[in-house]
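Visitor: I would like a close look at a single part of this model, the helices and the core they pack on. Please take it step by step.

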Amino acid sequence: MSNKSAVITTPDPRLRKKSAKVRATDEDVPKIIKEMIESCIAWENEHEFELSAAMAAPQLGYNKRIIVVREDMGNKDNATFVALLNPEIIKTEGKTLYDYEGCLSVPTIYGKVPRPAKARIKAMLEDGSEVRIKADGFLARTLLHEIDHLNGILFIDHIKGERDAFYQLDDKGDLIPLDYDKNIKDNKDLWPED
Ligand SMILES: [Zn+2]
(Lines give C-alpha, C1' and ligand atoms only; values in the text may rest on other atoms or scores of the structure.)
Protein backbone atom coordinates (compact mmCIF):
# COMPACT_ATOMS: atom_id res chain seq x y z
CA MET A 1 0.00 0.00 0.00
CA SER A 2 1.27 3.41 -0.80
CA ASN A 3 -1.76 5.61 -0.54
CA LYS A 4 -1.49 9.36 -0.17
CA SER A 5 -0.05 10.40 3.15
CA ALA A 6 -2.79 11.17 5.67
CA VAL A 7 -0.83 13.94 7.37
CA ILE A 8 -3.09 16.63 8.82
CA THR A 9 -2.13 20.26 8.38
CA THR A 10 -2.76 23.65 9.98
CA PRO A 11 -5.26 24.89 11.08
CA ASP A 12 -6.47 21.42 12.20
CA PRO A 13 -7.09 21.82 15.99
CA ARG A 14 -5.67 18.34 16.72
CA LEU A 15 -2.22 19.82 16.04
CA ARG A 16 -2.79 22.23 18.92
CA LYS A 17 -3.78 19.74 21.63
CA LYS A 18 -1.57 18.29 24.35
CA SER A 19 -1.17 14.57 23.70
CA ALA A 20 -1.69 11.81 26.24
CA LYS A 21 0.96 9.36 27.52
CA VAL A 22 0.93 5.82 26.16
CA ARG A 23 1.99 2.39 27.43
CA ALA A 24 4.10 0.08 25.31
CA THR A 25 1.39 -2.54 25.85
CA ASP A 26 -1.44 -0.36 24.49
CA GLU A 27 -3.08 -2.30 21.72
CA ASP A 28 -3.16 0.56 19.22
CA VAL A 29 0.47 1.67 19.63
CA PRO A 30 2.10 -0.70 17.08
CA LYS A 31 -0.60 0.12 14.54
CA ILE A 32 -0.10 3.87 14.98
CA ILE A 33 3.69 3.52 14.68
CA LYS A 34 3.31 1.53 11.46
CA GLU A 35 0.95 4.11 10.06
CA MET A 36 3.36 6.94 10.98
CA ILE A 37 6.29 5.32 9.22
CA GLU A 38 4.21 4.56 6.14
CA SER A 39 2.99 8.15 6.06
CA CYS A 40 6.54 9.50 6.30
CA ILE A 41 7.51 7.44 3.29
CA ALA A 42 4.35 8.28 1.32
CA TRP A 43 4.82 12.00 2.01
CA GLU A 44 8.44 11.86 0.92
CA ASN A 45 7.48 10.15 -2.33
CA GLU A 46 5.19 13.11 -3.03
CA HIS A 47 7.93 15.69 -2.32
CA GLU A 48 10.90 15.48 -4.61
CA PHE A 49 13.28 17.75 -2.72
CA GLU A 50 12.37 16.86 0.83
CA LEU A 51 13.06 14.08 3.29
CA SER A 52 10.81 13.00 6.18
CA ALA A 53 13.17 13.19 9.16
CA ALA A 54 10.54 12.44 11.75
CA MET A 55 6.87 12.57 12.64
CA ALA A 56 4.72 12.94 15.73
CA ALA A 57 1.43 11.04 16.20
CA PRO A 58 -0.75 14.21 16.35
CA GLN A 59 0.24 14.81 12.72
CA LEU A 60 -1.95 11.84 11.82
CA GLY A 61 -4.65 13.06 14.20
CA TYR A 62 -3.69 10.79 17.13
CA ASN A 63 -3.16 12.84 20.27
CA LYS A 64 -0.75 10.32 21.78
CA ARG A 65 2.85 10.81 22.89
CA ILE A 66 4.57 8.86 20.11
CA ILE A 67 7.23 10.06 17.67
CA VAL A 68 9.19 8.29 14.95
CA VAL A 69 12.68 9.45 13.97
CA ARG A 70 14.66 8.44 10.93
CA GLU A 71 17.78 6.45 11.66
CA ASP A 72 19.88 8.12 8.97
CA MET A 73 18.67 11.67 8.38
CA GLY A 74 20.90 12.28 5.42
CA ASN A 75 19.91 9.31 3.30
CA LYS A 76 16.61 9.10 1.44
CA ASP A 77 17.37 5.46 0.57
CA ASN A 78 17.45 4.35 4.20
CA ALA A 79 13.84 4.45 5.32
CA THR A 80 14.39 2.93 8.77
CA PHE A 81 12.64 4.76 11.59
CA VAL A 82 12.89 4.39 15.37
CA ALA A 83 9.76 4.91 17.47
CA LEU A 84 9.99 6.72 20.81
CA LEU A 85 7.13 6.65 23.31
CA ASN A 86 6.55 9.40 25.88
CA PRO A 87 9.78 11.25 24.98
CA GLU A 88 10.77 13.81 27.61
CA ILE A 89 13.37 16.55 27.61
CA ILE A 90 15.66 16.00 30.59
CA LYS A 91 17.68 19.12 29.86
CA THR A 92 18.87 21.35 27.05
CA GLU A 93 22.35 22.80 26.83
CA GLY A 94 24.65 24.87 24.71
CA LYS A 95 24.24 27.92 22.57
CA THR A 96 21.02 28.85 20.84
CA LEU A 97 21.41 27.90 17.18
CA TYR A 98 19.30 29.08 14.25
CA ASP A 99 18.57 26.69 11.43
CA TYR A 100 15.89 25.88 8.88
CA GLU A 101 12.94 23.73 9.83
CA GLY A 102 9.95 22.54 7.91
CA CYS A 103 7.00 20.49 9.00
CA LEU A 104 4.77 18.04 7.18
CA SER A 105 1.83 19.75 8.89
CA VAL A 106 2.78 23.29 7.85
CA PRO A 107 2.89 22.85 4.08
CA THR A 108 5.28 24.88 1.92
CA ILE A 109 6.52 27.10 4.77
CA TYR A 110 9.99 26.91 6.30
CA GLY A 111 11.46 28.83 9.17
CA LYS A 112 14.81 29.74 10.64
CA VAL A 113 14.14 28.56 14.15
CA PRO A 114 16.17 29.07 17.35
CA ARG A 115 16.84 25.89 19.35
CA PRO A 116 19.36 24.93 22.03
CA ALA A 117 22.38 23.16 20.53
CA LYS A 118 22.07 20.03 22.66
CA ALA A 119 19.31 18.08 24.32
CA ARG A 120 19.11 15.09 26.63
CA ILE A 121 15.99 13.05 26.05
CA LYS A 122 14.44 10.15 27.91
CA ALA A 123 11.92 7.90 26.18
CA MET A 124 10.57 4.38 25.95
CA LEU A 125 11.13 2.04 23.03
CA GLU A 126 8.36 -0.09 21.56
CA ASP A 127 9.36 -3.03 23.74
CA GLY A 128 8.87 -0.92 26.87
CA SER A 129 12.57 -0.47 27.68
CA GLU A 130 13.88 2.97 28.59
CA VAL A 131 16.38 4.85 26.44
CA ARG A 132 18.31 8.03 27.07
CA ILE A 133 19.57 10.02 24.13
CA LYS A 134 22.27 12.69 24.15
CA ALA A 135 21.56 14.61 20.98
CA ASP A 136 23.18 17.55 19.26
CA GLY A 137 23.03 19.08 15.81
CA PHE A 138 20.14 18.19 13.57
CA LEU A 139 19.03 15.28 15.79
CA ALA A 140 18.61 17.57 18.82
CA ARG A 141 16.63 20.02 16.69
CA THR A 142 14.45 17.24 15.28
CA LEU A 143 13.69 15.71 18.68
CA LEU A 144 12.78 19.10 20.15
CA HIS A 145 10.55 19.85 17.14
CA GLU A 146 8.73 16.51 17.52
CA ILE A 147 8.33 16.78 21.30
CA ASP A 148 6.84 20.25 20.73
CA HIS A 149 4.15 18.56 18.60
CA LEU A 150 3.14 16.43 21.59
CA ASN A 151 2.49 19.66 23.48
CA GLY A 152 0.54 21.33 20.67
CA ILE A 153 3.46 23.57 19.66
CA LEU A 154 4.57 24.15 16.04
CA PHE A 155 7.90 25.54 14.81
CA ILE A 156 6.15 28.69 13.59
CA ASP A 157 5.32 29.57 17.21
CA HIS A 158 9.03 30.04 17.96
CA ILE A 159 9.39 32.67 15.22
CA LYS A 160 6.02 34.38 15.38
CA GLY A 161 6.49 38.09 14.70
CA GLU A 162 9.98 37.55 13.19
CA ARG A 163 9.85 39.29 9.84
CA ASP A 164 12.97 37.62 8.40
CA ALA A 165 12.52 34.06 9.64
CA PHE A 166 10.01 32.61 7.14
CA TYR A 167 10.93 30.92 3.85
CA GLN A 168 9.48 28.77 1.08
CA LEU A 169 10.94 26.34 -1.43
CA ASP A 170 11.14 27.51 -5.01
CA ASP A 171 10.65 25.09 -7.91
CA LYS A 172 14.34 24.19 -7.90
CA GLY A 173 14.30 23.22 -4.26
CA ASP A 174 16.03 26.34 -2.93
CA LEU A 175 14.77 28.24 0.09
CA ILE A 176 13.73 31.81 -0.62
CA PRO A 177 12.45 34.40 1.89
CA LEU A 178 8.69 34.89 2.25
CA ASP A 179 7.08 38.30 2.44
CA TYR A 180 6.03 38.47 6.10
CA ASP A 181 3.21 40.98 5.66
CA LYS A 182 1.77 39.30 2.61
CA ASN A 183 2.17 35.58 3.41
CA ILE A 184 2.57 35.15 7.15
CA LYS A 185 1.24 37.95 9.34
CA ASP A 186 -2.51 37.51 8.78
CA ASN A 187 -2.38 33.90 7.58
CA LYS A 188 -5.43 32.32 9.22
CA ASP A 189 -4.14 28.80 8.58
CA LEU A 190 -1.11 29.54 10.74
CA TRP A 191 -2.70 31.67 13.43
CA PRO A 192 -6.43 30.80 13.54
CA GLU A 193 -6.78 32.28 17.04
CA ASP A 194 -5.53 35.78 16.16
ZN1 LIG B 1 6.55 19.03 12.52
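Guide: What follows starts with the whole chain and then turns to its helices and core. The model is a predicted one. The protein has three helices and seven strands, and from the N terminus on these elements run α-β-β-β-β-β-α-β-β-α. For 194 residues, a compact globule would have a radius of gyration near 16 Å, and the 16 Å of the protein agrees with that. Its C-alpha atoms fill a box of roughly 50 × 40 × 35 Å along the principal axes. Of the 194 residues, 31% count as buried.

Helix H2 (137-150) deserves the closest look. Its 14 residues, at 1.5 Å each, should span 20 Å, and the end C-alpha atoms are 21 Å apart, which agrees. Of these 14 residues 10 are buried, so H2 is largely enclosed by the rest of the structure. The buried residues are Ala140, Arg141, Thr142, Leu143, Leu144, His145, Glu146, Ile147, His149 and Leu150. Their cover includes S1, S2, S3, S4 and strand S5 (130-136). After H2 comes glycine 152, with a positive phi near 75°.

Helix H1 (29-46) can be set beside H2. The 18 residues of H1 should span 26 Å at 1.5 Å a residue, and its end C-alpha atoms are indeed 26 Å apart. Ile33, Met36, Ser39 and Cys40 are buried in H1. Viewed down the helix axis, the buried residues of H1 fall within an arc of 125°, so they line one face. An α-helix has 3.6 residues a turn, so residues three or four places apart point the same way. The buried residues of H1 pack against S1, S2 and S3, while the face turned away from them carries the exposed residues Pro30, Lys31, Lys34 and Glu46.

Both helices contribute to the largest nonpolar core: H1, strand S1 (54-56), strand S2 (66-70), strand S3 (81-102), strand S4 (109-124) and H2 each supply at least two residues. This core has 35 residues, of which Met36, Met55, Ile67, Val68, Val69, Ala83 and Leu143 touch the most other members. Leaving aside residues up to four places away in sequence, valine 68 touches Ile33, Met36, Ile37, Cys40, Ala54, Met55, Phe81, Val82 and Ala83. Apart from this core lies another, of six residues, including Ile109, Ala165, Leu178 and Ile184. Across the protein, 63% of the contacts with a separation of 6 or more join residues 24 or more positions apart.

Conventions: Residues are numbered from 1 along each chain as its sequence is written. This is a predicted model: local features need pLDDT of at least 70, side-chain atom pairs count only at pLDDT 80 or more; totals for chains, interfaces and linings use all residues. A nonpolar core is a set of buried Ala, Val, Leu, Ile, Met, Phe, Trp, Tyr and Cys residues joined through C-beta atoms within 7 Å. A residue is buried if 20 or more other C-beta atoms lie within 10 Å of its own, exposed if 12 or fewer, and partly exposed in between; C-beta atoms are placed from the backbone. Helices (H or I, at least four residues) and strands (E, at least two) are DSSP runs, numbered from the N terminus. Two residues are in contact if their C-beta atoms, placed from the backbone, lie within 7 Å. The radius of gyration is taken over C-alpha atoms; the globule rule is 2.2 Å times the number of residues to the power 0.38. The expected span of a helix is 1.5 Å times one less than its number of residues. The arc is that of the directions from the helix axis to the C-beta atoms.
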